[in-house]
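Hi everyone, thanks for coming along. I'd like to walk you through one structure today, so please have a look at it while I talk.

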Amino acid sequence: MAQPEATPFRLDPSDELPLGLQLSWRLRALIRTGELSAGERLPSFRRLAEWAGVNVGTVRAVYEALEQDGMVVSRHGQGTFVAEVVEAAPELEAIASEAIARAREAGLAPRDVAIVAMACAGLPAELGEETAELPDPDAESEAIEVRQELRRQIARLEAELASYTAHLRADLPTAPSRAIAHVAGVEELEQTRDTLIAQLAAAQQESQQEVRRRARDRGPLGRAMSRWRAKR
């Protein structure tokens, strides 16, 4: 029996994820990383169904969902195209590839990294924020609002900085640590926020340099698409 043709769209029917979700994520990944570029025509329903190993109805439903999310546009009589407004972020593949490599080095399953990442991303940034130690709102309402806003900014910066852990240099400034539990004042929170901003800026710069260094060695999505297009 002939083996199905290997394509970047071929799905795994034994995976616990539904085939429609697999195909949706595969297309979203290709679009967000720029492997399917803005304005590029996507395969027809029938052709993609053949390549992915699903029925035409599944492809149609996936395309409709992508269009509702503004990632693709359909043109009558012409087909489905990547939306022009979609901004590609090639660094996403480098970040994902690095996470996969680190997981394998640690003997962990890459799928577990994705599951944990999605769980963390789905949590509100302020969840678990300590508020019990704050002064009486009636006494210092304005100061409390300022501290709360600073805490929100710090939480967002920490969450964003977590994506650049591998690019943090040892010589970056760090916020002062406190051995005794206390209610952080406005000045201390501002110092922590400004330190995180400096760390994030430096880490982003290092990440961009890393992406440029890796441009010559494309990730799995890029390599798969390059080989696939070379054969077409």
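**A walk from the surface to the core**

Let's start with one tryptophan: W25 lies in helix α1. Please keep in mind as we go that this is a predicted model. Is W25 buried, or is it exposed to some degree? Its relative accessibility is 40%, so it counts as partly exposed. Together with L21 and M118, W25 forms a nonpolar patch on the surface, and the accessible area of the three adds up to about 290 Å².

Now let me step back to the whole chain. There are 8 helices and 2 strands in the protein chain. Reading from the N terminus, the order is α-α-α-β-β-α-α-α-α-α. The chain has 232 residues, and 29% of them are buried. Its accessible surface is about 14900 Å², with 53% of that belonging to carbon and sulfur atoms. For those of you who like contact maps: take the contacts with a separation of 6 or more, and 67% of them come from residues 24 or more positions apart.

On to the inside. Which residues touch the most other members of the largest nonpolar core? They are F9, L23, L27 and L48, in a core of 24 residues. The elements giving two or more residues to this core are α1 (19-32), α2 (45-52), α3 (56-68) and α8 (220-231). Apart from that one lies another core, made of 6 residues, including I154, L157, L189 and L196.

F9 deserves a moment of its own. Setting aside residues up to four places away in sequence, F9 touches R26, L27, L30, P43, L48, W51, A52, M225 and W228.

Next, the charged pairs. How many salt bridges does the structure hold? The count is 4, and I'll go through some of them.

One is between R111 and D15, where the closest N and O atoms are 2.7 Å apart. R111 sits in helix α5 (residues 110-121) and D15 in the segment before α1, so this pair ties together parts that are 96 residues apart in sequence. R111 has a relative accessibility of 36% and therefore counts as partly exposed.

D15 has another partner, too: its side chain reaches the backbone nitrogen of L17 at 2.7 Å. If we leave aside neighbours within four places in sequence, D15 is in contact with Q22 and R111.

Then there is D69 with R28, whose closest N and O atoms are 2.6 Å apart. This pair also links distant parts of the chain, with D69 in the loop between α3 and β1 (72-75) and R28 in helix α1, 41 residues apart. D69 is partly exposed at 49% relative accessibility, and R28 is partly exposed with a relative accessible area of 24%.

Finally, E50 and R47 form a salt bridge, with the closest N and O atoms 2.9 Å apart. Where do these two sit relative to one another? They are 3 residues apart in helix α2, which means they are separated by about one helical turn. Here, too, the residues count as partly exposed: E50 at 49% relative accessibility and R47 at 27%.

So, if you take one thing back to your desk, let it be helix α1: it contributes two or more residues to the largest core, it contains W25 of the surface patch, and it holds R28, the partner of D69. Thanks, and I'm happy to take questions.

Methods:
Residues numbered from 1 in each chain as written. Predicted model: local features only at pLDDT ≥ 70, side-chain atom pairs only at ≥ 80, totals over all residues. Heavy atoms only, no water. Core = buried A, V, L, I, M, F, W, Y, C linked by side-chain atoms within 4.5 Å. Buried < 20%, exposed > 50% of the residue type's maximum accessible area, 1.4 Å probe, protein only. Helix = DSSP H or I, 4+ residues; strand = E, 2+ residues; numbered from the N terminus. Contact = heavy atoms within 4.5 Å. Areas by Shrake-Rupley, 256 points an atom, 1.4 Å probe, with all protein chains shown as cover. Patch = residues over 30% accessible without salt bridge, like charges linked within 9 Å, V, L, I, M, F, W, Y side chains within 5 Å. Salt bridge = Lys/Arg side-chain N within 4 Å of Asp/Glu carboxyl O. Polar contact = N/O pair within 3.5 Å; in protein donor to acceptor, adjacent residues only side chain to side chain.
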